[in-house]
Amino acid sequence: MERPVFTYHPNAYATAFETVDGVCDGCGQSRALRYRGPFYTTRKPDYLCPWCIADGSASARFEGEFTGWTDIEGVSPDPADPLPTIPREMLLEICERTPGYPSWQQSVWLSHCERPCAFLGFASGEDLLPILDQVRPDVAAVNPRYADGVLECLTRDGEMVGCLFQCLQCGQHRLHVDLG
Ligand SMILES: [Zn+2]
Ligand SMILES: [Zn+2]
């Protein structure tokens, strides 16, 4: 059976699923891939398969989101602010039909060209060398004086993790730093 493809999380099988046999709490089928990313719900299931995430049934059944609505860059948590310029359908695809990524802190989903970016995976300082000029401004925005130091210290799985995104419209890379 072919695995679902996640437009905004193309490497989800490497970052957000583990190979574990079990019965999915969503569809009741025997599966071999268990979701291990965030799921914001009061009725958290023990086992979720990628199919139930991709078709939106897990989000509907458990009334939850894989990424919080206001954790998407461009969506203000303040209801008094103007509505996001990102089309609502794209925001819903991130929250309800795209696996989130495991993180130390509340995850952040970056945007570009008025649409959500794709999350490519975790990146170390070395991984970022070829695209340093693209991602440096994102680090400098948070750490104006220590951008280069932060970039050098990033690892894929340590206490300072680079979360790499790419705009599906123009190809621009974006970076969020997750601190443990
Ligand atoms: Zn399922
Ligand atoms: Zn773009």
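Where in the chain is Thr-67 found? Let's start there and then work outwards through this predicted model.

## Thr-67 and its surroundings

Thr-67 is found in the loop between α3 and α4. Is this residue buried or exposed? A residue is called buried when 20 or more other C-beta atoms lie within 10 Å of its own, and Thr-67 has 27 C-beta neighbours inside 10 Å, so it counts as buried.

Which residues does Thr-67 touch, if those up to four places away in sequence are not counted? The list consists of Ile-72, Ile-94, Cys-95, Thr-98, Gly-100, Ser-107 and Trp-109. Thr-67 also has a C-alpha atom separated by 8.0 Å from that of Val-108, a residue 41 places apart from it along the chain.

## Helix α4

Two of the residues that Thr-67 touches, Ile-94 and Cys-95, also appear among the buried residues of helix α4. This helix covers residues 88–97, and its buried residues are Leu-91, Ile-94, Cys-95 and Arg-97. Notice that an arginine, Arg-97, is on that list.

What covers these buried residues of α4? The cover includes two helices, α2 (50–54) and α3 (57–62), together with the strand β4 (115–116).

## The chain as a whole

Stepping back, the protein chain has 7 helices and 7 strands. Read from the N terminus, the elements follow the order α-β-β-α-α-α-β-β-β-α-α-α-β-β. The radius of gyration is 17 Å, close to the 16 Å that the globule rule gives for 180 residues, so the chain is as compact as a globular protein of that length.

The C-alpha trace spans about 50 × 40 × 30 Å along its principal axes. Of the 180 residues, 33% count as buried. If you take the contacts between residues at least 6 apart in sequence, 63% of them join residues at least 24 apart.

## Two domains and where they touch

The chain is divided into domain 1, residues 1–103, and domain 2, residues 110–180. Their C-alpha centres lie 22 Å apart. How many residues of each domain are in contact with the other? Domain 1 contributes 16 residues and domain 2 contributes 12.

On the domain 1 side, the elements that give two or more residues to this contact are α1 (12–15) and α4. By class, that side has 8 nonpolar, 7 polar and 1 charged residues.

## Two unusual backbone angles

Between β3 (111–112) and β4 there is a loop that holds Cys-113 and also Glu-114. What is the sign of phi at these two residues, neither of them a glycine? Cys-113 has a positive phi of about 55°, and Glu-114 likewise has a positive phi of about 55°. These values stand out because most residues other than glycine have a negative phi.

How exposed are they? Cys-113 has 13 C-beta neighbours inside 10 Å, so it counts as partly exposed. Glu-114 has 12 other C-beta atoms within 10 Å and is therefore exposed.

## The sheet β5-β6-β7

Which strands make up the open sheet? It is formed by 3 strands in the order β5-β6-β7, with antiparallel pairing. β5 and β7 stand at the edges with a single partner strand each, so one side of each is left without a neighbour in the sheet. From one strand to the next, the twist averages 25°.

Strand β6 (residues 160–166) is mostly covered, with 5 of its 7 residues buried. Strand β5 (residues 118–123) pairs with β6 over 5 bridges, while 7 bridges join β6 to β7 (residues 173–179). Gly-162 in β6 has partners in both directions: Ala-123 stands opposite it, and Val-177 is its bridge partner in β7. Another pair is Leu-164 with Leu-175 in β7.

β6 and β7 form a hairpin with 6 residues between them. In the turn, Gly-171 has a positive phi of about 90°.

Notes. Residues are numbered from 1 along each chain as its sequence is written. Chains are lettered from A and ligands numbered from 1 in the order in which they are written. This is a predicted model: local features need pLDDT of at least 70, side-chain atom pairs count only at pLDDT 80 or more; totals for chains, interfaces and linings use all residues. Helices (H or I, at least four residues) and strands (E, at least two) are DSSP runs, numbered from the N terminus. Two residues are in contact if their C-beta atoms, placed from the backbone, lie within 7 Å. Two strands pair if DSSP finds at least two bridges between them. Axes are lines fitted to C-alpha atoms, for helices over the stretch in contact, and angles run from 0 to 180 degrees between N-to-C directions. Domain bounds come from an automatic or database domain assignment. Ala, Val, Leu, Ile, Met, Phe, Trp, Tyr, Cys and Pro count as nonpolar, Asp, Glu, Lys and Arg as charged, and the others, Gly among them, as polar. The radius of gyration is taken over C-alpha atoms; the globule rule is 2.2 Å times the number of residues to the power 0.38.
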